[in-house]
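Thanks for sharing this one. Here are my notes, as numbered points, to read with the structure open beside you.

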Amino acid sequence: MTPSNNFLYKYLNNASPTGFEASGQKIWLEYVKPFVDTYFTDNYGTVVGVINPEAEFKVVIEAHADEISWFVNYINDEGYIYVRRNGGSDHMIAPSMRVNIHTDDAVIPGVFGWPAIHTRKEGKEEAPTLENIFIDVGARTKEEVKKMGIHVGCVITFKDELQELNGKFYSGRALDNRIGGYMIAQVTKKIHEYKIKLPFGLYIVNAVQEEIGLRGAEMIAANIKPHVAIITDVCHDTTAPMYNKMKSGEQIAGKGPVLTYGAAVHKKLLDLIIGTAQKNDIPFQRAAASRSTGTDTDAFAYSNEGVPSALISLPLKYMHTTVETASKEDIENVILLMYQFLCELDPKYDFRYIK
């Protein structure tokens, strides 16, 4: 494996639940350190690598580091564990999944149990809900569970690892959005390797707590006070069965980065990015957002009296499952588009709509 691939697998396979991102952030920071001039972190764990920290004009490229997960919510007398969401975790996929319960001192394996098909009444089967899914850690009593170090508030992640499909796709858990952290790290690496002298300060931001409301981005936007922000996140590939293209639009994994139109997305900045894509023959797709993009773009756009912000998305199949699937070619094209845009950006460009 190349160093980039080693980093990708190590970073993606590590667990970094919302609010508990530190282990993944350490992996990310160690990788980007050689490519930046300096770095800093904030109180909640967002990590920022900086190139040209003395420059007045500040540009952010950003991804979020956290993944959806569960919390231990209740342990019954028989030793079964009931959960609540930490972010948008999907109760429908939980039964029969393996999990890791993260205690203060260890990682405890468990499984989401489910009644055998033989015992269920045909036509009257209960669907998985937050009220009936449960975890079995091999204990028979509440006291036995507690002796394992498990308590209310322990965070739980699905046990799954990154793999390739057909040599064209990566599939695994938490591509939303640690694949974004990988992509901005690769942009940083390219700038370093090609010895690009940027005429502005570049802040490479790996933010925490996106999955519960863009919280890490809110905090770090107030800290950095950037002049421009380019956010990368994932969007839905809508070609798989059971998606409604009339509602969700048509975004196709393998057809290039998705550029979003919406109120939070600055149209002049978006036009510059589209121009970069067209000039460099980088394929791209378009999408429309309604009131908000639902990504850290919104947090940056509406911070500090308004920051011109744009969103470059990676089409993703099966979001918020353990088999999130993205095109390797799309990943490379997101990296290339962000890199080329940074090489072309003029810090003197006037982003005002009305002068």
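1. Let me begin with Tyr318, which sits in the loop between strand S16 (309–316) and strand S17 (324–327). Its phi is near 65°, a positive value in a residue other than glycine. With a relative accessible area of 32%, Tyr318 is partly exposed. Please keep in mind that this is a predicted model.

2. A second residue with a positive phi is worth a look: Asn166, at near 60°, is again a residue other than glycine. You will find Asn166 in the loop between strand S10 (163–165) and strand S11 (169–172). Is Asn166 buried or exposed? Its relative accessible area is 65%, and the cut-off for exposed is over 50%, so Asn166 counts as exposed.

3. While you are checking the backbone, look at the step from Asp176 to Asn177. This peptide bond is cis, with omega near 0°. Asn177 is found in helix H4, and that helix covers residues 175–193.

4. Now the whole chain. Its secondary structure comes to nine helices and 17 strands. The radius of gyration is 21 Å, close to the 20 Å that the globule rule gives for 355 residues, so the chain is as compact as a globular protein of that length. Along the principal axes, the C-alpha atoms fill a box of roughly 70 × 45 × 40 Å.

5. How much of the chain is buried? Buried residues make up 53% of the 355 residues. The accessible surface comes to about 16800 Å², and carbon and sulfur atoms account for 51% of that surface. Among contacts between residues at least 6 apart in sequence, 74% join residues at least 24 apart.

6. On charge, the chain carries 37 positive and 44 negative side chains. The centres of these two sets lie 2 Å apart.

7. For a buried helix face, go to H2 (residues 22–32), where Gly24, Gln25, Ile27, Trp28, Leu29, Tyr31 and Val32 are buried. An α-helix has 3.6 residues a turn, so residues three or four places apart point the same way. What do the buried residues of H2 pack against? Their partners are two helices, H1 (3–13) and H4 (175–193), together with the strands S1 (38–41), S2 (47–51) and S12 (201–207).

8. Asn13 is in helix H1, and at 26% relative accessibility this residue counts as partly exposed. The C-alpha atoms of Asn13 and Ile27 are separated by 11 Å, with their positions 14 residues apart along the chain. Not counting residues up to four places away in sequence, Asn13 touches Glu161, Leu162 and Arg173.

9. Helix H4 also holds Lys190, which is partly exposed, with a relative accessible area of 21%. Which residues does Lys190 contact, leaving aside its neighbours within four places in sequence? They are Ile335 and Tyr339. Lys190 and Tyr339 are 149 residues apart along the chain, and their C-alpha atoms are separated by 7.4 Å.

10. Tyr339 turns up again with Ile196, a residue in the loop between H4 and S12. Leaving aside neighbours within four places in sequence, Ile196 is in contact with Ile191, Tyr339 and Cys343. The C-alpha atoms of Ile196 and Tyr339 are separated by 10 Å, and the two residues are 143 apart along the chain. Ile196 counts as partly exposed, at 26% relative accessibility.

11. A word on the cysteines. Cys343, the contact of Ile196, has 33% relative accessibility and counts as partly exposed. Cys235, by contrast, falls under the 20% cut-off for buried, so at 14% relative accessibility it counts as buried. A disulfide is a covalent bond between the sulfur atoms of two cysteines. How many disulfides does the model have? The count comes to zero.

12. Last, Thr260 in strand S14 (residues 258–261). This threonine is buried, with a relative accessible area of 7%. Leaving aside its neighbours within four places in sequence, Thr260 is in contact with Val265, Leu270, Ala287, Ala288, Ala289, Thr293, Leu311 and Ser313. Leu311 and Ser313 bring us back to strand S16, which spans 309–316.

Notes
Residues numbered from 1 in each chain as written. Predicted model: local features only at pLDDT ≥ 70, side-chain atom pairs only at ≥ 80, totals over all residues. Heavy atoms only, no water. Helix = DSSP H or I, 4+ residues; strand = E, 2+ residues; numbered from the N terminus. Rg over C-alpha atoms; globule rule 2.2 N^0.38 Å. Buried < 20%, exposed > 50% of the residue type's maximum accessible area, 1.4 Å probe, protein only. Contact = heavy atoms within 4.5 Å. Areas by Shrake-Rupley, 256 points an atom, 1.4 Å probe, with all protein chains shown as cover. Lys, Arg positive; Asp, Glu negative; His and termini not counted. Charge placed at Lys NZ, Arg CZ, Asp CG, Glu CD. Disulfide = S-S within 2.5 Å.
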